[in-house]
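Please open the model in your viewer with a cartoon view and side chains ready to be switched on. The tour proceeds by selections, and each stop says what to pick and what is found there.

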Amino acid sequence: MKTIVLASNNKNKIKEFREIFSDYNILSLNDIGFNDEIEETGKTFLENALIKAKTIHLFLKDKNLDYDVVSDDSGLCVEALNGAPGVYSARYAGIHGNDNENIKKLLKELEGNVNRKAYFICFIVLYKSNGIYYDVEGKTYGTITNEKIGDNSFGYDPVFLSDDLGKTFGEASSEEKNKVSHRGRAIDELKLLLDNEKI
């Protein structure tokens, strides 16, 4: 079984990757002993994914570990807010990863707005141990609800009404969500490349 390092310690993200990448041994940053904060200074999702992947690639190289690295950056883009929260999705309300505050701010910004179209986007970078990298993209479309619906999943999922599912990601099972989610679609693209041994 091939080992790939996922440049994350986010438990939900690791769970999603392990479910979809079931043919691979997925290691988290904790598993490889990387405990530093990686500053995401990029202006785009792809730039941020690359920053994370390259940082971990160099860390592994230092330790003479010959693993490929997968990193992703994803977020919610709302049409009426000119694409916000965008790359700032995780820290929209100021504190990184505070889902409740981020949702609260988003719903406040959209108060009274009839255009609630939105999409989730995900860029995944596969950084090979030889320094060559590939990137793939996944998107999923929907609308923002007026309140949280459903307790499953994380992030903006309870206020994202999926066009594909006809319910929020917060109501969907992980199997349902993985089939149509931005990350699921990007991972499927990556798996196609890996399984066909094109990379």
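What follows is a walk through a predicted model, from the strands to a core, a helix, a pocket and some loop residues.

**Strand E3**

Begin by selecting residues 68–78, which form strand E3, and colour them by burial: 11 of the 11 residues are buried. In a regular strand the side chains alternate between the two faces of the sheet. On one side of E3 you will find Asp-68, Val-70, Asp-72, Ser-74, Leu-76 and Val-78, on the other Val-69, Ser-71, Asp-73, Gly-75 and Cys-77, and both faces are covered.

**The neighbouring strands**

Next add strand E1, residues 3–6, which pairs with E3 in the parallel sense over 3 bridges; to see one such pairing, pick Val-5, whose bridge partner in E3 is Val-69. Within E1, Thr-3 and Val-5 point one way while Ile-4 and Leu-6 point the other way, and all of these are buried. Now extend the selection to strand E2, residues 25–27, which runs parallel to E1 and is joined to E1 by 3 bridges, with Ile-4 standing opposite Ile-26.

Return to E3 and add strand E4, residues 117–127: here the pairing is antiparallel and extends over 10 bridges. Gly-75 is a useful residue to pick on E3, since its bridge partner in E4 is Ile-121.

**The nonpolar core**

In soluble globular proteins, nonpolar side chains tend to be buried together. To look at the largest nonpolar core in this model, which has 17 residues, show Phe-17, Phe-21, Val-70, Ile-124, Leu-190 and Leu-194, the members with the most contacts inside it. The elements that give two or more residues to this core are E1, helix H1 (11–20), E4 and helix H6 (182–195), and H6 gives the most, with 4 residues.

Centre the view on Val-70 and ask which residues it touches beyond its neighbours within four places in sequence. The contacts are Ile-4, Val-5, Leu-6, Ala-7, Phe-17, Ile-124, Val-125, Leu-126 and Leu-190. Apart from this core lies another, of 16 residues, among them Leu-106, Ile-144, Phe-160 and Phe-169.

**Helix H6**

Select H6 next and check its length: at 1.5 Å a residue, its 14 residues should span 20 Å, and the end C-alpha atoms are 20 Å apart, which agrees. Which residues of this helix are buried? They are His-182, Arg-183, Gly-184, Ala-186, Ile-187, Leu-190, Lys-191 and Leu-194. The buried residues of H6 pack against E1, H1, E3 and E4, and also against strand E5 (133–144) and helix H5 (174–180).

**The largest pocket**

Switch to a surface view to look for the largest pocket, with a volume of about 960 Å³. It is lined by 37 residues, and those closest to its centre are Asn-10, Lys-13, Glu-40, Ala-90 and His-96. The elements that give two or more residues to the lining are H1, E3, helix H4 (99–109) and H6; E3 gives the most, with 5 residues.

**Loop residues with unusual backbone angles**

Most residues other than glycine have a negative phi, and most peptide bonds are trans. With that in mind, select Ala-84 and Pro-85, which are joined by a cis peptide bond with omega at about 0°; Pro-85 lies in the loop between E3 and H4.

Asn-82 is found in the loop between E3 and H4 as well, and its phi is near 55°, a positive value in a residue other than glycine. At 78% relative accessibility, Asn-82 counts as exposed, because the cut-off is over 50%.

Then move to the loop between helix H3 (45–62) and E3 and pick Asn-64, which also has a positive phi, near 55°. Asn-64 is exposed, with a relative accessible area of 71%.

**Last stop: Ala-172**

Finish at Ala-172, in the loop between strand E6 (160–162) and H5. Is this residue buried or exposed? At 3% relative accessibility, Ala-172 counts as buried. Leaving aside neighbours within four places in sequence, Ala-172 is in contact with Asn-152, Leu-165, Lys-167 and Lys-177. Draw a distance from its C-alpha to that of Asp-151: the two residues are 21 apart in sequence and 9.2 Å apart in space.

Notes:
Residues are numbered from 1 along each chain as its sequence is written. This is a predicted model: local features need pLDDT of at least 70, side-chain atom pairs count only at pLDDT 80 or more; totals for chains, interfaces and linings use all residues. Side-chain values use heavy atoms; hydrogens and water are left out. Buried means under 20% relative accessible area, exposed over 50%, partly exposed in between (1.4 Å probe, protein chains only). Two strands pair if DSSP finds at least two bridges between them. A nonpolar core is a set of buried Ala, Val, Leu, Ile, Met, Phe, Trp, Tyr and Cys residues joined through side-chain atoms within 4.5 Å. Contact means heavy atoms within 4.5 Å. The expected span of a helix is 1.5 Å times one less than its number of residues. On a 1 Å grid over the protein atoms alone, a cavity is a set of points where a 1.4 Å probe fits but cannot get out, and a pocket is an open set with protein on both sides within 12 Å along at least five of seven lines; lining residues have an atom within 4 Å of a point. Grid points are joined across faces, edges and corners, and a volume is the space filled by probe spheres set on the points.
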